[in-house]
Amino acid sequence: MNIIKKVLWQNKIRNLLRRGHIVIIFIISLCIFIPTIFIEYQQTINHQKEEMTNYLDAQTYFFESWLKERSEDIHTITNLAFVKGYQYEQTQAFFQEYKKQTVFTDLVFVNKEGIVQFDTVTEYQHNGIGIDVKNREYFQVAQKTKQQYITDVLISKVTKEPIIAFASPILDEQQQFNGVVFGTVNFNTVDLLLNESRVGFRGHAYIVNQDGTLLTELVSNKKEVASASQNILSQNYNIDERILTIAQSNQTQSPINSYKDANGEWVLAKSKPINQGKWYFISEVNLLEAYTPLIKRFGLLAICILVGTFLTIKVMLMITKKIEEPIQQLLKGVGKVEQGHYDYKINEKQLAPYAKEFQELCSSFNEMSAKVKEDTILLKELSVTCQLTKLYNRRYLIEQGEHVFQDCKNNEQHCSCIAIDIDFFKKVNDTYGHLTGDEVLKHVAKIIKESVRIKDITTRYGGEEFVILSPATTLESAVKIAERIRKNVEEYPFTIGEQFIPMTVSVGIAEFSNNKDISTFYDLIDKADQALYIAKESGRNMLRVYNGANNFVMR
């Protein structure tokens with residue numbers, strides 16, 4: 001039962017330590033992981049926002065600059081003298097040569113009536129037969145405002161392809177409207193231009209007009225660019241109305257939005273108006289792709305926490321072992337002491353590697369064990385010894401005498417018992433007092449102790465009576481021992497100052513030698529005590545021996 005309790009106690013200490021370490025590790029991990037997740041998330045969002053903002057700003061600035069430069073190119077052409085002077089041949093030759101050096105897909109000369117005089121794609125007659133463009137917005141704006149104008153997306157009446165037209169009015173010497181020159185750029189050119197300017201951006205970007213029609217798409221290769229551009233307006237492809245609404249609402253500020261794109265995937269998006277608010281430049285980044293760096297950092301952090309947890313557990317086990325082993329040593333020592341091994345000592349050298357407190361605890365245990373041993377020996381001695389006479393007491397005689405008698409009986413040996421009583425001891429107490437009486441008892445006990453053999457068990461049986469158990473001793477030998485005691489007591493009176501107190505003793509003797517009437521240890525004591533009673537009745541200072549069949553004789 002005690003061993004089970006110790007094991008359970010050890011397990012309780014071990015479990016408490018381990019649960020405590022696990023809780024501490026969990027709390028520390030949460031304190032690290034949660035703030036780190038929040039900080040990393042904010043940094044990722046801010047970084048993505050900054051990256052998309054920078055990309056949008058760079059692209060819109062680049063594209064707006066490019067539009068302005070192309071518009072200025074057309075404006076410069078309209079101010080040439082031979083253009084203003086309607087010198088068609090020279091102008092047409094210049095247009096053809098200029099087209100080769102620029103991104104314009106067509107340069108067109110329109111007279112003030114709105115009829116195309118010539119372009120760089122198809123040759124026309126000079127007699128005024130040509131395409132009528134006076135209902136085109138770029139012609140009407142140039143005619144009314146006499147300002148440069150960049151159109152929205154148009155379908156060219158000549159090439160039948162989606163184009164952007166850069167128009168500028170021709171003004172005569174009186175600054176009167178005299179026609180329009182416009183250059184066209186198709187969306188193959190715009191896509192290639194924007195694709196080449198896309199550096200380090202992981203996302204997806206496109207341009208839409210105000211009604212949500214997709215104008216261009218930034219794709220990865222030229223074949224896809226050409227294919228996408230040819231199909232943009234022919235298919236009348238419109239983006240989702242909610243995406244357009246978000247883009248329109250972001251004209252004054254440009255936050256990051258999240259929504260599902262045309263493919264049904266969640267994206268982070270940012271938009272910005274361009275071309276005087278006619279179009280919207282929208283950039284989108286796949287949500288998973290945007291959060292990939294964050295996921296990688298989370299993974300790295302999780303690995304670090306797992307490795308840290310593993311190492312912490314290893315350290316925890318080492319610490320637990322450092323605590324458990326000294327406790328086990330102490331438990332073992334307690335068990336030994338509990339079993340009566342009071343001389344058990346814990347080896348303090350084995351505890352040298354452990355904490356100083358454990359060393360001190362084990363040292364205290366050893367000191368306590370030694371003290372317990374001393375106290376136990378003393379208590380045992382007190383329990384079986386008469387403190388006055390230093391002889392064994394009646395309890396010791398009963399406990400040990402039974403074993404001695406049984407050994408003699410089993411080995412068919414003689415065993416004798418001598419009962420002694422101090423004559424007239426009450427008179428000594430009454431005459432000299434109990435303190436003197438105690439001294440007389442000590443005096444007689446000393447004489448008895450010195451008169452017996454080492455193997456004899458000498459006890460103060462009670463009051464002034466003493467009992468001696470003599471194992472392996474015949475009746476004759478017991479009589480000799482008893483007589484020696486009687487004579488020594490008589491010859492050596494107790495001295496108090498200059499006064500002598502003469503003392504005598506009466507003695508009763510009984511022997512076990514397979515007599516039918518003495519079969520137990522208690523029978524032996526009883527017969528010796530009866531013989532003592534006869535000796536006292538017969539006049540004291542004499543010996544009486546039990547001779548069997550309740551017969552007592554003098555020796």
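Reader: Which residues of helix α7 are buried?
Author: This is a predicted model, and α7 covers residues 241-249 in it. The buried residues there span an arc of only 100° around the axis, which puts them on the same side of α7. They are Ile-243, Leu-244 and Ala-247.

Reader: And what do the buried residues of α7 pack against?
Author: Strands take that role here. The list has β6 at 204-209, β8 at 257-260, β9 at 266-274 and β10 at 279-286. So, going by the contacts within 4.5 Å, the partners of the buried residues of α7 are β6, β8, β9 and β10.

Reader: Let's go to the aromatics. How are the rings of Trp-66 and Phe-166 arranged?
Author: A search of the whole structure turns up 19 aromatic pairs. A pair of aromatic rings is described by the distance of the centres and the angle of the planes. For Trp-66 and Phe-166 the centres are 5.9 Å apart and the planes sit at 80°. Planes over 60 degrees apart count as edge-to-face, so this pair is edge-to-face.

Reader: How many residues apart in sequence are the parts that Trp-66 and Phe-166 tie together?
Author: Trp-66 belongs to helix α1, residues 2-78, while Phe-166 belongs to strand β4, residues 162-171. Both Trp-66 and Phe-166 are buried. Because one ring is in α1 and the other in β4, the pair ties together parts whose separation in sequence is 100 residues.

Reader: What kind of aromatic pair do Phe-95 and Phe-118 form?
Author: Phe-95 sits in helix α3 (residues 88-100) and Phe-118 in strand β2 (residues 116-119), 23 residues apart, and the pair links these distant parts of the chain. Phe-95 and Phe-118 are both buried. Centre to centre they are 5.6 Å apart, with 50° between the planes, and that makes the pair tilted.

Reader: Which residues do ring pairs link into a cluster?
Author: Phe-95 and Phe-118 are among them. Phe-118 also has a partner across the strands, since its bridge partner in β1 is Phe-109, another member of the cluster. The full set is Phe-82, Tyr-86, Tyr-88, Phe-94, Phe-95, Tyr-98, Phe-109 and Phe-118.

Reader: Tyr-86 is in that cluster, so what about its backbone: where is its phi?
Author: Tyr-86 is in the loop between α2 (81-84) and α3. At 21% relative accessibility, it counts as partly exposed. Most residues other than glycine have a negative phi, and most peptide bonds are trans. Tyr-86 has a positive phi instead, near 55°.

Reader: In β1, which residues point one way and which the other?
Author: Strand β1 takes in residues 106-110, and five of its five residues are buried. In a regular strand the side chains alternate between the two faces of the sheet. Here one way goes to Asp-106, Val-108 and Val-110, and the other way to Leu-107 and Phe-109.

Reader: What is the bridge partner of Val-110 in β5?
Author: β1 has strand partners in both β2 and β5: three bridges join β1 to β2, antiparallel, and five antiparallel bridges pair β1 with β5. In the hairpin of β1 and β2, with five residues between the strands, Gly-114 takes a positive phi near 90°. Over in β5, the residue opposite Val-110 is Val-180.

Reader: And β4: which residue is the bridge partner of Ile-164 in β5?
Author: β4 is mostly covered, with 10 of its 10 residues buried. It runs antiparallel to β3 (residues 149-155) over five bridges, and antiparallel to β5 (residues 177-186) over eight. On the β3 side, Ile-164 stands opposite Val-153. On the β5 side, its bridge partner is Val-185.

Reader: Is Gln-175 buried or partly exposed?
Author: Gln-175 is in the loop between β4 and β5, and it has a positive phi near 60° although it is a residue other than glycine. The hairpin has five residues between the strands. Since buried means under 20% relative accessible area, the 44% of Gln-175 makes it partly exposed.

Reader: Zooming out, what share of the chain's residues count as buried?
Author: The chain's secondary structure comes to 15 helices and 19 strands. It exposes about 30,300 Å², with 55% of that supplied by carbon and sulfur atoms. Of its 555 residues, the share that counts as buried is 42%.

Conventions: Residues numbered from 1 in each chain as written. Predicted model: local features only at pLDDT ≥ 70, side-chain atom pairs only at ≥ 80, totals over all residues. Heavy atoms only, no water. Buried < 20%, exposed > 50% of the residue type's maximum accessible area, 1.4 Å probe, protein only. Helix = DSSP H or I, 4+ residues; strand = E, 2+ residues; numbered from the N terminus. Arc of directions from axis to C-beta. Phe/Tyr/Trp six-rings, centres within 6.5 Å; stacked < 30°, edge-to-face > 60°. Pairing = 2+ DSSP bridges. Areas by Shrake-Rupley, 256 points an atom, 1.4 Å probe, with all protein chains shown as cover.
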